Amino acid sequence: CYQGHSRKVGGVAFSPAHGEFVATASHDRTARVWPLLGSSADSPSALSVLRGNLEPSRAVTGSDDSTVILWDWGAASGQSVAQLRGHRSFVLSVQLTPDDTKVLSGSADRTAKLWDLRSGRCVATLRGHTGAVRQAVLAEDPLAACTTAEPRRVVTASEDGTVRVWDLRRGTTVRVLPCHTEWLFCCAVAGRAEEGGVLVSGTRDNALRTWLLPLLENGAGTAAVLWEDSDESE
């Protein structure tokens, strides 16, 4: 059991290399890094508290103050390495590219952005949603080996009830999937858009829907309901 945050935890992520650590982000305005493997303690202690993976000791957070921050959690105090500013509202999701040189962010300002961590600049802004972008993910296999290839496809889930597939190089929408009647809270991708895979979206209307990724690009796909709860109570 991991204890230390004083308010609810809104996000968790494994270290990408070997999964030896887990990072948590909380509404108490901190992120913490915890040991996952090789610990005999019943209640493990946080290795570092990030206040305010170019290397194994780096982490990225998004915040309600509209910033994306790169942290060095190997430092005793959890030092901020870079602050990326450009969003105009809450940052709701962040994801590193496989080569750890860029970060993708989704925001309540209805956009997703790609940032270059070396220069600190925004290199692409994806506009088109009419609601907050709850999650932005790369259409790459998260279990695949790290690669230096530039990401080509991004998938976003929005409060406007749609999933969008984007051509990241052109900054344009490839496909709009109006698959829900309520807000989308999350999406996940297994496999690559070009080679085949599955996209799953989750929403406030109590349903999970799946899409076959090759069909997203030729326009022939339809959503399959993976799971749906008829109980509308929250």
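**Exercise 1. Find which residues meet in the salt bridge of glutamate 159, and say which parts of the chain the pair ties together.**

Step 1. Start with the partner: the side chain of glutamate 159 meets that of arginine 134 in a salt bridge, 2.8 Å from N to O. The term asks for a side-chain nitrogen of Lys or Arg within 4 Å of a carboxyl oxygen of Asp or Glu.

Step 2. Now place both residues. Glutamate 159 sits in the loop between β13 (153–158) and β14 (163–167), while arginine 134 belongs to strand β12 (residues 133–138), so the contact ties together parts that are 25 residues apart in sequence. Strands here are DSSP runs (E, at least two residues), numbered from the N terminus.

Step 3. Check the surroundings: arginine 134 is partly exposed, with a relative accessible area of 27%. Buried means under 20% relative accessible area, exposed over 50%, and partly exposed in between (1.4 Å probe, protein chains only).

A note on the model before we go on: it is predicted, so local features need pLDDT of at least 70 and side-chain atom pairs count only at pLDDT 80 or more, whereas totals for chains, interfaces and linings use all residues. Residues are numbered from 1 along each chain as its sequence is written, and side-chain values use heavy atoms, with hydrogens and water left out.

**Exercise 2. State how many salt bridges the structure holds, and work through the others.**

Step 1. The total is three salt bridges.

Step 2. Take aspartate 167 and arginine 153, whose side chains meet at 3.5 Å, N to O. This pair links distant parts of the chain, with aspartate 167 in strand β14 and arginine 153 in strand β13, 14 residues apart. Both aspartate 167 and arginine 153 are buried.

Step 3. Then take aspartate 116, which pairs with arginine 118; their closest N and O atoms are 3.6 Å apart. Aspartate 116 counts as buried because its relative accessibility is 12%, whereas arginine 118, at 61%, counts as exposed.

**Exercise 3. Give the order of the strands in the open sheet that contains β6, and say which strands stand at the edges.**

Step 1. Three strands form this sheet in the order β5-β6-β7, with antiparallel pairing. Two strands pair if DSSP finds at least two bridges between them.

Step 2. The edges belong to β5 (58–62) and β7 (79–85): each has a single partner strand, so one side of each is left without a neighbour in the sheet. From one strand to the next, the twist averages 20 degrees.

Step 3. Count the bridges. β5 and strand β6 (residues 67–72) pair over five bridges, and β6 and β7 over six. Valine 60 has leucine 70 in β6 as its bridge partner, alanine 59 stands opposite tryptophan 71, and isoleucine 69 is matched by glutamine 83 in β7.

Step 4. Look at burial. Six of the six residues of β6 are buried, so the strand is largely enclosed by the rest of the structure. Thr67, Ile69 and Trp71 cover one side, and Val68, Leu70 and Asp72 the other.

Step 5. Finish at the turn: the hairpin of β5 and β6 has four residues between the strands, and serine 66 there takes a positive phi near 75 degrees.

**Exercise 4. Work out the number of disulfides, and why cysteine 186 has no bond to cysteine 187.**

Step 1. Apply the cut-off, a pair of cysteine sulfur atoms within 2.5 Å. The count is zero disulfides.

Step 2. For cysteine 186, the closest cysteine sulfur is that of cysteine 187, and at 7.2 Å it is too far for a bond. Cysteine 186 is partly exposed, at 35% relative accessible area.

Key
Axes fitted to C-alpha atoms, helices over the stretch in contact; angles between N-to-C directions.
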